[in-house]
Amino acid sequence: MNTLLTKKKWFLLGTLLMVIVLLTGCWDQRLIKESRLILAVGLDLEPNGKIIDTVVYPVVNKGSNAMSLVKSVVVSSTGVTTRDARINLDKKVSQMFDASKNRVFLIGEKLARKEIYSSLDVIYRDPRGSVNAMVAVVKGKAKKSLEIQPQDSTLMNIYYPELLQSTSAIGLFEIETVQSICTLMFDEGNDYLLPYLRINEQQQRAEVIGTAMFHKRKMTGTLTGKESTLLLLMNGVKQDYPRFTFKINDQKEMKERNYITVLVNDIERKMKIHITPDQKVRVKLALKMDVNVNELPVDHLDSAGKANELNKTLTREITALAKKTLAKTQKANCDELGVGKRIRSFHYGDWKKMNWEKDYRNISIEPEIKVTIVQHGIIN
Amino acid sequence: MKNHRSNKNSKPVTMNADENLHVIQSILHGTSDLKTRTITYQKSSGVIIYLESIADTEKIQQSVIEPLNRAMDDEGTVETVITNTELSFIEELHEGVGKLLTGSCLLSFDGMCGMYAVNVTSQLTRTPEEPTNEKVVRGSHEGFVDSLTQNLGLIRKRLENKNLVVKQYVIGQSTNTKVALVYMDDLVNKEVLSEIFRRIESISADMGFSPGYLEEFMEDKTFSPFPQMLPTERPDRTMAHLLDGRVAVLSEGTATALILPVTFLSFFQSPDDFNSRVLSGSFFRLLRMVSFLVAMTLPAVYIAIIGFHFEILPNELILPVKASLEGIPFPPIIEAFVMVFTIELIREAGVRLPTPIGQTIGIVGGLVIGDAVVSAGFISNVMVIVIALTAVASFTVPTYEMGASIRILTFPLMIAASLLGFLGIVMGLMVILLHLCKLESIGTPYFAPFAPLNLSGLKDAVIRFPLWKMNNRAMDALPQKRSQRNTKGWKNK
């Protein structure tokens, strides 16, 4: 009886195994060697409203001796939606596309100014969507940005992420991914910045020229590099090496001697929001910066007096820059500092009475900046 | 001792020495190595019968012939004259033949209703050498030899304890192999012991020549990939296991002792763990556990990644991997099978061949196959790395049996991975884990201390705690005494 049962069991097990092995048609295998790995994507808007999808994928040419050359190939196609464009692309390219390892999304300015969510929607729906790809805006056409051939790296998928990372380290922006901007696109009273690139065709390079301000789902303005850096600091985010160069006088004949470059070592930021009973908002933004003098050809910092004088000059310059930057964000309706979110969290009664879409432009933000030189390098 | 052929048609020894000799000769079918020498003692003529191949002629000379000659005319029985330590009087001829086969010589005199058997076995032994497949860096370099008595001696030498008990059995209807069970009477679990007795007594086989035979006859599950008894050639390892309340089975003619009952984790322990310092000992032990996982799952995980889930590869890794896979004509599972097969071939060829040729095979296999196969574009670079790593990892397991089991387990996992990706691996590992939890070694849990979970057991099994911290014996063999003495007397806690 016992042996009979075991025999039956073995038979069942064997049949099961055979069935699994023989049902090869059900495999959802997708081999890496049979996939076209999309590693960078550019999205543009055509004047007629169609989407141009440009993708970069690597092609490996196996030479002798197992040495292989990796080359990146750029193709583009148009469609009524991003996915439609991708389907059209698939018709042109051998093997299946796979976007799960995409590193960077470059969005043409035209499309960004219209709306970016619609183009990214397809990624959020795909379980294998590359939500950790970086997002950046390109001045002009994104397609062009993928067609250049920078000398730094022959592969676009290495060039752009590295470029964005290094630029982020000098404090221009925080790296935003498809995932991180998703909530910001729908969040009331909190907006975001994306890196803003310009293509230099002569040098065959891309250059980060600042940031693109976004409000909800569309781009509403731009900031220069210096402004972006300061805005980021005012937002309480200090990257590794935020640096500023300011003019401190204009009497020297040698022009370089008129400037100072400082590296921000440490910041302390406090934001206070006052709301009057009739919903007039005043934001006090206190920012203390400890800086390290990187470059000061004109003078030596050998006395406290000189340092204090420089502190004052720097404070004045930076305050002026801050005011200008904040005015720009208000004009673009980009609440990067998240003032609206704070009001919504802590003053919900007032928030309900306000219309942040309009009111943000009219609130007053007063930066109070204090710069202190704490280091001056290894010479005085 | 239970005995040698209890033939029902056994004949009694007759009064006539010549007749006895003829009967013995006919029982042994006139074998050529049966030698005789006539002798007279106190006027009665007799004959010394022995098997030249296993009896030591010098011993016969010294302990039988010389004393008998010296006492030729004295009064005195044979018992008082013969100086050998082992002398017995035999009345049955078949019993005499049994003695003859173990290396005794028989003395038969005319007019005596019986025979004397004197133990004159020649000691064909080799000196204890370090076991080649269980080397240690520090500590004892002594290993078991092929002689049972000497092996028992090696254990006794290490365990001068009145509670050490040796029980002998004879297994094999044709071979009459001596088998000894060794255990500590005050530690071993009596139920486990009686179960072992029961199993060993019930073995009925023609041949019982190696521990492999015994293992197969005694283990609970023969078709399990995991060995349920630990073979070792090290007396020190055997001793340590005896002190944990386990039983060692030794047999004549092999240098291997079988330890039982054992746990899964004892296959990953080496005497070196306790010869080296606490930190390095623990590190090496953990390394072996990791190598177990690597050896079992790495090829499967790699197949699953390149066939199903390559999005989990880090960005920096994806291009090199893709580049190496480009243009490979086989699907990953075939690629892996070819490589594993090749490595097993090289290993098997290397084991069977004499050392110098074995090395050549290694070089030819490693260089030619490894390098050529990649440059020819048949197998990808990464696959060669993965399989080589797996092979190396499987060899770090201190017990050869377990290493072999792991290598066998990689195959079903690879197939599962190629069918269902990570899901397949998870299912495969689940089956293995279930099996491990269910497995028993002579009624004790095989996967202890994980299942049943015993946290304090983990400190000896997984990592190696300082000796003075281990005041409790490993519980998996269910020993009689839980505590063991390990204190650092000079330091107050």
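The following exchange takes up how several descriptions of this predicted model are justified.

Author: The model is predicted, with local features needing pLDDT of at least 70, side-chain atom pairs counting only at pLDDT 80 or more, and totals for chains, interfaces and linings using all residues. Residues are numbered from 1 along each chain as its sequence is written, while chains are lettered from A and ligands numbered from 1 in the order in which they are written.

Reader: What makes strand E9 of chain B mostly covered?

Author: A strand here is a DSSP run of E with at least two residues, a helix is a run of H or I with at least four, and both are numbered from the N terminus. A residue is buried if 20 or more other C-beta atoms, placed from the backbone, lie within 10 Å of its own, exposed if 12 or fewer do, and partly exposed in between. In E9(B), residues 247–251, 5 of the 5 residues are buried, so by that definition the strand is mostly covered.

Reader: Which residues of E9(B) point one way, and which the other way?

Author: B:Val247, B:Val249 and B:Ser251 point one way, B:Ala248 and B:Leu250 point the other way, and all are buried. In a regular strand the side chains alternate between the two faces of the sheet.

Reader: How do you know that E9(B) pairs with strand E7 and with strand E10 of chain B?

Author: Two strands pair if DSSP finds at least two bridges between them. E7(B), residues 177–184, and E9(B) have 4 bridges in the antiparallel sense, and E9(B) and E10(B), residues 257–260, have 3 bridges, also antiparallel, so both count as pairs under that definition. B:Ala248 stands opposite B:Val182 of E7(B) and opposite B:Ile259 in E10(B). The hairpin of E9(B) and E10(B) has 5 residues between the strands, and in this hairpin B:Gly253 takes a positive phi near 90 degrees.

Reader: Why are strands E6 and E8 of chain B said to stand at the edges?

Author: The open sheet has 5 strands in the order E6-E7-E9-E10-E8 (chain B), with antiparallel pairing. E6(B), 164–171, and E8(B), 230–232, each have a single partner strand, so one side of each is left without a neighbour in the sheet. The twist averages 25 degrees from one strand to the next, where axes are lines fitted to C-alpha atoms, for helices over the stretch in contact, and angles run from 0 to 180 degrees between N-to-C directions. E6(B) and E7(B) pair over 8 bridges in the antiparallel sense, with B:Tyr169 opposite B:Val179.

Reader: What is the strand order of the open sheet of 4 strands in chain A, and which strands stand at its edges?

Author: The order is E11-E12-E13-E14 (chain A), with mixed pairing. E11(A), 243–247, and E14(A), 364–375, each have a single partner strand, so one side of each is left without a neighbour in the sheet. Neighbouring strands are turned by 40 degrees against each other on average, direction ignored. E11(A) and E12(A), residues 259–275, pair in the antiparallel sense over 5 bridges, and A:Leu263 in E12(A) is the bridge partner of A:Arg243.

Reader: How do you know that helix H9 of chain A packs on the sheet?

Author: Two residues are in contact if their C-beta atoms, placed from the backbone, lie within 7 Å. H9(A), residues 304–332, touches E11, E12 and E14 of chain A, and its direction makes about 150 degrees with that of E14(A).
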